Amino acid sequence: SSHQLARRHHLSEAEMTQRAMAVVQELLHDESTFLYAQGKQHILQQAMEDGSSVVCTKCGDMIKAERWSQHAEYWCRGIGDAGDEGKDMS
């Protein structure tokens, strides 16, 4: 659960939410993304608000919540980086 994650990484639920929202705001205003170019950046916001996706604070990628474990273990570009903070959920 997100509470277990917060304890494991010493972040409060509020801090995790704050970090997730900061990453989402960056994504929403990133002119280099395909969705921004298509004028559909609202899709990112909806994915975070409905809880179906999470943002990895190690690499900044948005991942379907059900795929988080695989992302963190195998695919994250930030694997092995110091200061592992894990997943933030909105």
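Colleague: Is threonine 33 buried or exposed?

Modeller: Keep in mind that we're looking at a predicted model. Anything under 20% relative accessible area counts as buried. Threonine 33 comes in at 19%, so threonine 33 is buried. You'll find threonine 33 in the loop between H2 and H3. A polar atom of its side chain lies 3.1 Å from the backbone oxygen of aspartate 30.

Colleague: Now the helices. Which residues of H2 are buried?

Modeller: Start with the general idea. An α-helix has 3.6 residues a turn, so residues three or four places apart point the same way. In H2 the buried set is Met16, Ala20, Val23, Val24, Leu27 and Leu28. Their arc around the axis is only 140°, so they sit on the same side of H2.

Colleague: And which exposed residues are on the face turned away from that buried side?

Modeller: Ala14, Gln18 and Glu26. As for length, H2 has 16 residues and spans 22 Å from first C-alpha to last, close to the 22 Å expected at 1.5 Å a residue.

Colleague: What about H4: which of its residues are buried?

Modeller: H4 takes in residues 42-49, and the buried ones are Leu44, Ala47 and Met48. Looking down the axis of H4, you see them fall within an arc of 95°, so they line one face of the helix.

Colleague: What covers those buried residues of H4?

Modeller: The cover includes helices H2 (13-28) and H3 (34-37), plus strands S1 (53-56) and S2 (62-64). Past the end of H4, look at glycine 51, which follows the helix and has a positive phi, near 80°.

Colleague: Let's take one residue of S1. Which residues does serine 53 touch?

Modeller: Serine 53 is in strand S1, and its relative accessible area of 9% makes it buried. Leaving out residues up to four places away in sequence, serine 53 touches Ala47, Met48, Met62, Ile63, Lys64 and Ala65. Two of those names, Ala47 and Met48, you've already met among the buried residues of H4.

Colleague: How many salt bridges does the structure hold?

Modeller: Just 1. The side chains of aspartate 61 and arginine 77 meet there, at 2.5 Å from N to O. This pair links distant parts of the chain, 16 residues apart: aspartate 61 is in the loop between S1 and S2, and arginine 77 in the loop between helix H5 (68-75) and strand S3 (87-88).

Colleague: Where do the two partners stand on exposure?

Modeller: Aspartate 61 has 27% relative accessibility, so aspartate 61 counts as partly exposed. Arginine 77 reaches 59%, so arginine 77 counts as exposed.

Key
Residues are numbered from 1 along each chain as its sequence is written. This is a predicted model: local features need pLDDT of at least 70, side-chain atom pairs count only at pLDDT 80 or more; totals for chains, interfaces and linings use all residues. Side-chain values use heavy atoms; hydrogens and water are left out. Buried means under 20% relative accessible area, exposed over 50%, partly exposed in between (1.4 Å probe, protein chains only). Helices (H or I, at least four residues) and strands (E, at least two) are DSSP runs, numbered from the N terminus. The arc is that of the directions from the helix axis to the C-beta atoms. Contact means heavy atoms within 4.5 Å. A salt bridge is a side-chain nitrogen of Lys or Arg within 4 Å of a carboxyl oxygen of Asp or Glu. A polar contact is a pair of N or O atoms within 3.5 Å; within protein, one must be able to donate a hydrogen and the other to accept it, and residues adjacent in sequence count only if both atoms are side-chain atoms. The expected span of a helix is 1.5 Å times one less than its number of residues.
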